[in-house]
Amino acid sequence: MAGPIFILRDYLRCSGCRLCEVACSLKHEGTVWPEASRIRVFEFFPGVDVPHLCAQCRDYPCVKACRYSALRVDESTGAVLVDGEKCTGCGDCVRACPGKVMRLHPETRKAIVCDLCGGEPECVKACHEAGFDALRVVPYTSVGFKVYSTMPDQVAQRLFETLFGGE
Amino acid sequence: MALYGYAGRLLEVDLSRGKHRVVELEEDVAFNFIGGRGLAAYLLWRELGDRWEEVDPLGPENMLLVLTGPLTGYYPGVKLCISGKSPQSNGVVGSVVSSEVAVELRAAGYDGIVVKGASKDPVYLYVEGENVEIRSAEHLWGLGGTETYRRLSRELWGDLKRRLLAREGLTKEPSFIYIGPAGENRVRTAAVMAKLSHAAGYGGYGAVMGSKMLKAIAVKGFGPMPRAKHPDWVKLLIREAWSALNRNVLWKHWGTSSGGYEVASLTSSEPVRNWQEEWHDSRSMGVQNYEAHWVKRYWGDYGCPQTCMKISRLRSGKFSGATTDGPDYELQAYLGPNLGVFEPRANVYLSSLADELGLCGIQTGNVLGFAAELYEKGVLTREDLGFELKWGDAEAFARLMSMIARREGIGDCLAEGTARAALKLGKLKGVDLSKYAVHVKGVGVGAHGARSGKDFPQAFTYAVGVQGGDHTSPPRLPVDRQWGEFTSAFEDSAVICSFNVHGDLPFQFLRAITGWDITRETWMRVHGRRIITLQRVLLLLGGPDLYWDPRRDDDNPPRFYEPLPSGPFKGRSVSREEVESQKREYFGYLGWDSLGIPTEETLRELGLDYLKPAVERIRKRLGAG
Ligand code: SF4
Ligand code: SF4
Ligand code: SF4
């Protein structure tokens, strides 16, 4: 796919299997590490699963918030990249992120966020191979502004109503 | 010291004194007993073995074990093993449940939790790395599954968010296991629950949690899975396992729910009206009638490509709002045809009620069927129950289920489980009720009959299983076949899902993760045999209220010797000679004598010399030299 990409998430198709988390942490950490995965699936209520990852906001509040120039946008993929050398772990980007996707690594305390795997997202592959296709790569331009930079508990609430018809 | 694949630490919590400490998991113990079920048996033996017979499973001296294994979190699909001295069998049952608590525990730096003693007031345990708190559960006590889940998850995540959101960002919600009213009331068929409908049912550990006044255990971890010896090999294996498991489309679509009608019609081994029959001509239990109620999505647990679970939700009618998983085949059968219920909606409702009350659907369906047959035969009357209990009357069964969970009226007696209820009621009524009680060593058998010979249990399966009537751990011949007692002992000890086992992969994972040279062959000869032998000794020690005699209790439920009255395999029953000869062969393989007591030589060979005094106690009680 030429040009920046976006990982579209179809919540209704998500099974909560977390293969995406396993794939992401295997790739970036070399082991299974749920809290270090750049995509994380929240399950506030059984059966209501919310895959949560960077929404690549077009105004990139996280990048703007960083005083140390540790964050930049990758031109070709559109991903936010973290320069671990420059990141001080101050958490300004965390506070700026509207969906609280950006966060500090549980061990290194540096900012971590989805880097789109350089354009070949591992999470999407895992989800597709398992037949769920809850995640899909689409051109960045096709996605509405900030639709996905919301908190997962808000998504879960709406999803609960869709799936179970409310209380 | 390098112990790969383990945190090397267990969290020990003493509820009587309100204290906790971290204890080391020694490398040789891990190597000999692996984890989960095997480790549980060993820890129980080490702590309680000398006075096993006197330990009341529902007393403060029993321990509740919540254990992971070296494969947990790495192998596709997550499982957690719950154990302790079982209030059903008085032995050790390794009861597994899908719960992310297992992943969280390993991420928090523990291989498991050992809960000792008992609290005076309702509490729940919260573990977050080194931070361990025993918190009040007054506000949760008495609540059903849904409410417990809601309040606890809101409370726990709310707290995490408050503390961590601004500083380091959003964390995933903690996971927890909990009990419903049945566990609180020490009902022997109470399960330890996870999510809404996941249950560690066999063993009765919900009652053990209840006896400790422990409503829930919640865990939050931030770290990776314990270090593997060969991380790159593990990565490759995970990929290989995924691609193998992804091919199983049937499973993904229907899970075991597809069995409802199939097992009855094709193999004639589904319990019908308390096992009086094992076949039905009703077509209503087919998967297509359940699909109508399914929330249209797949549902899986951590790392599982197979997602066998299906969420059922009734959106209208008198049972509107009922939500459950599947029901899976076991609950379709036990809370369906076994009660003469052939209406899927009523089945979904009964299944969701069992979840809500925190009851094991298998064991409770078993005791409900038992009660209904006694009602049919006139042994139990309207006066005994307070209402009529006719086959197919879902509302009457629901009422009785609630009475069991709350130990009200006749429910108090039935809350003891089928085996003990049969003894108690039999005494009360002055009749022998054993022929209606379809259990083995206090554990109600799974929904798989042995009479037709077409499903998996062999003639001797239930008779000799160290986990009693547990259908997920079936002894089989030849012993090295893919699905038998030895492989279940592996799955429950490495703590992985038996539905995800594919060829030799689990053993390859074990080697890649731990670096130990344990193959399928050494498992059959040494490790597996050691675990099963230890479980057998603890089962035969038994007590304090019931003891098993191999000459009487290494047997099928009497019902399995009655010829099938209907269906394609009409007239068939289990053959006694076959049971006896299979028993001999099996005991021989294990190195046990004709009563199924391990010989001195076997104990020596397996490094279990320390069991000698216990074995002598068993022989003495049986008057067998
Ligand atoms: S891999 Fe796909 S289906 Fe599974 S949890 Fe991730 S997004 Fe959901
Ligand atoms: S979602 Fe958060 S991390 Fe991603 S671009 Fe927006 S502010 Fe940055
Ligand atoms: S694209 Fe790569 S980095 Fe981003 S969530 Fe998926 S696997 Fe992780």
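This text leads the reader through a predicted model, from the contact between two of its chains to a ligand site, a pocket and several details of the backbone.

The meeting of chain A and chain B is a suitable place to begin. In general, the size of an interface is often expressed as the accessible area lost when the parts come together. Here chain B and chain A bury about 4,200 Å² between them, and 57% of that area lies on carbon and sulfur atoms. On the side of chain B, B:Leu170, B:Lys172 and B:Arg297 supply 16% of the area that this chain buries against chain A, more than any other three residues. Counted by contacts, 50 residues of chain B touch 53 residues of chain A.

Attention may now turn to ligand 3. Its surroundings comprise 13 residues, of which A:Cys24, A:His28, A:Cys114, A:Cys117 and A:Cys123 come nearest. Two elements of chain A give two or more residues each to this shell, namely helix 1 (19-29) and helix 4 (122-129). By character, the shell consists of 9 nonpolar residues, 1 polar residue and 3 charged residues.

In chain B, the second largest pocket offers another site to examine. The space within this pocket amounts to about 490 Å³. Its lining is made up of 24 residues, and those nearest the centre are B:Ser434, B:His439, B:Trp548, B:Arg552 and B:Asp553. Helix 17 (417-429), strand 15 (439-440) and helix 22 (550-553) of chain B are the elements that give two or more residues to the lining. The largest share, 5 residues, comes from helix 17 of chain B. The lining as a whole divides into 13 nonpolar, 4 polar and 7 charged residues.

B:Val443 shows how distant parts of a sequence can meet. This residue belongs to strand 16 (residues 443-444) of chain B. Its relative accessible area is 1%, and because buried means under 20%, B:Val443 counts as buried. B:Gln88 stands 355 residues away along the chain, yet the C-alpha atoms of B:Val443 and B:Gln88 are separated by 5.9 Å. Apart from neighbours within four places in sequence, the contacts of B:Val443 include B:Gln88, B:Ser89, B:Tyr202 and B:Gln363. Among them are also B:Gln467, B:Gly468, B:Gly469 and B:Asp470.

The remaining details concern the backbone. Most residues other than glycine have a negative phi, and most peptide bonds are trans. Against this background, A:Tyr60 has a positive phi of about 40° although it is not a glycine. A:Tyr60 sits in the loop of chain A that joins strand 3 (48-52) to helix 2 (61-65), and with 11% relative accessibility it is buried. B:Arg273, also a residue other than glycine, has a positive phi near 45°. The loop that holds B:Arg273 runs between helix 9 (259-267) and helix 10 (287-291) of chain B. B:Arg273 has a relative accessibility of 25% and therefore counts as partly exposed.

Two peptide bonds in chain B complete the account. The bond from B:Gly326 to B:Pro327 is cis, with omega near -10°. B:Pro327 lies in the loop between strand 14 (323-325) and helix 11 (329-334) of chain B. The bond from B:Leu477 to B:Pro478 is likewise cis, with omega near -10°. B:Pro478 occupies the loop between helix 18 (461-464) and helix 19 (485-494) of chain B.

Note on methods: Residues numbered from 1 in each chain as written. Chains lettered and ligands numbered in written order. Predicted model: local features only at pLDDT ≥ 70, side-chain atom pairs only at ≥ 80, totals over all residues. Heavy atoms only, no water. Near = heavy atom within 4 Å. Helix = DSSP H or I, 4+ residues; strand = E, 2+ residues; numbered from the N terminus. Nonpolar A, V, L, I, M, F, W, Y, C, P; charged D, E, K, R; others polar. Buried < 20%, exposed > 50% of the residue type's maximum accessible area, 1.4 Å probe, protein only. 1 Å grid on protein atoms, 1.4 Å probe; cavity = no way out; pocket = protein on both sides within 12 Å on 5 of 7 lines; lining within 4 Å. Points joined across faces, edges and corners; volume = space filled by probe spheres on them. Contact = heavy atoms within 4.5 Å. Buried area = accessible area lost by both parts, 1.4 Å probe.
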